[in-house]
Amino acid sequence: MKVILAGSGKILYYLARQFSRRGVDVRVVAPSEDEARELSRRTGATVLAGDATDPRVLLEAGAWRAHTVLALLPNDEDNLAICQIAGRMYRVPRTIALVNDPENEEVFQRFQVTTAISATRILSLIIEEQAGFEEIARMMAVGDGSVSVSEVLLREDAPAVGLPLKKLTLPEEALLGGIIRGDRVMIPKGGTHLQAGDRLILIAARASLETALRLLTGEESS
């Protein structure tokens, strides 16, 4: 799989480092020569200096044979342009954009960006659903935002601790997709007992999320 990262700053460095360590064929486009040299030195990835909104720069990065392009710049217009060039000119099958202003998400979807990620909206969802930051390690909206995938930490005082899953009555539109216990990933079964420290992969319709979280963690709505 060939991945192109276009952006700057720490998020670009962390992703480039992670992909390189996993053996992914990753090409990075950084906006300045200095950042490109530093990223290449620290990650071992192939890094180009240039404006990723220029089709010639994406061509040089190998967009014509890339599987995924991630646009991670601080300007939404630039990220949209990168995804449009990658998808329309070079037929990249998967485009992912960082959306800095959540009000722009609809624009990205309208222009058929595969995935638009708004950290602001994810954090606002956590607050709206009264989910504690310690208990919800990750939340991602799926599709039109009506379904979320969350990683829920069970603390010692959580009401679900010690219960077998068959006695846990989750809402109809919520289910556990997995349990992370230490370094093990477990498939949930009726006889599985939940333990303190478990991280649960919760998939839920937005309307059922608050109820499911309350049953698992004891979090009360305000």
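These legends go with a set of close-up views of a predicted model.

**View 1. The whole chain, with its confidence.**
Start with the overview: the protein has 222 residues, 43% of which count as buried. Its secondary structure comes to seven helices and 11 strands. Mean pLDDT is 86, and 87% of the residues score at least 70. Helix 3 (residues 55-61) sits at the top of the confidence range with 97, while strand 7 (residues 136-142) is at the bottom with a mean of 56. Where pLDDT is low, the predicted coordinates should not be read in detail. Among contacts with a separation of 6 or more, 54% are between residues 24 or more positions apart. The accessible surface adds up to about 12100 Å², and carbon and sulfur atoms own 51% of that.

**View 2. The open parallel sheet.**
Here six strands line up in the order 3-2-1-4-5-6, with parallel pairing, to make an open sheet. Strand 3 (46-49) and strand 6 are the edges; each has a single partner strand, so one side of each is left without a neighbour in the sheet. From one strand to the next, the twist averages 15°. At one of those edges, strand 5 and strand 6 are held in parallel by three bridges. To find the register, look for Ala 97, whose bridge partner in strand 6 is Ala 116. Helix 2 (residues 33-43) packs on this sheet and touches strand 2 (25-30) and strand 3, its direction making about 175° with that of strand 3.

**View 3. Thr 95 and its surroundings.**
Now zoom in on strand 5, where Thr 95 has its place. Is Thr 95 buried or exposed? Buried, because its relative accessible area is 3%, against a cut-off of under 20%. Setting aside neighbours within four places in sequence, Thr 95 is in contact with Val 69, Cys 83, Ala 86, Gly 87, Gln 112, Val 113, Thr 114 and Thr 115.

**View 4. Two loop residues with positive phi.**
Most residues other than glycine have a negative phi, which makes this pair worth a look. Arg 91 is no glycine, yet its phi is positive, about 55°. You'll find Arg 91 in the loop between helix 4 (76-89) and strand 5 (94-98). Its relative accessible area is 66%, so Arg 91 counts as exposed. The other one is Gln 112, a residue other than glycine with a positive phi near 60°. Gln 112 lies in the loop that runs between helix 5 (105-110) and strand 6 (115-117). At a relative accessible area of 67%, Gln 112 is exposed too. Gln 112 also turns up in View 3, as one of the contacts of Thr 95.

**View 5. Strand 9 and its two antiparallel partners.**
Strand 9 pairs with strand 10 (residues 184-186) in the antiparallel sense, over three bridges. Ile 180 has Val 185 as its bridge partner in strand 10. Two residues sit between the strands of this hairpin, where Gly 182 takes a positive phi near 65°. Strand 9 (residues 174-181) also runs antiparallel to strand 11 (residues 199-205), and six bridges join them. For a landmark in that pairing, use Gly 178, which has Ile 201 as its bridge partner in strand 11.

**View 6. Three salt bridges up close.**
Side chains of opposite charge can pair when their charged atoms come close. The whole structure has eight salt bridges, and three are picked out here.

- Arg 37 and Asp 34 meet at 2.4 Å, N to O. They are three residues apart in helix 2, so about one helical turn separates them. Asp 34 counts as exposed, at 54% relative accessibility.
- Asp 54 and Arg 56 form a salt bridge at 2.9 Å, N to O. Arg 56 is exposed, with a relative accessible area of 64%.
- Glu 151 and Arg 199 form a salt bridge at 3.4 Å, N to O. This pair links distant parts of the chain, with Glu 151 in strand 8 (residues 147-153) and Arg 199 in strand 11, 48 residues apart. Glu 151 is buried at a relative accessible area of 10%, whereas Arg 199 is partly exposed at 27%.

Note on methods:
Residues numbered from 1 in each chain as written. Predicted model: local features only at pLDDT ≥ 70, side-chain atom pairs only at ≥ 80, totals over all residues. Heavy atoms only, no water. Pairing = 2+ DSSP bridges. Helix = DSSP H or I, 4+ residues; strand = E, 2+ residues; numbered from the N terminus. Buried < 20%, exposed > 50% of the residue type's maximum accessible area, 1.4 Å probe, protein only. pLDDT = per-residue confidence, 0-100. Contact = heavy atoms within 4.5 Å. Areas by Shrake-Rupley, 256 points an atom, 1.4 Å probe, with all protein chains shown as cover. Axes fitted to C-alpha atoms, helices over the stretch in contact; angles between N-to-C directions. Salt bridge = Lys/Arg side-chain N within 4 Å of Asp/Glu carboxyl O.
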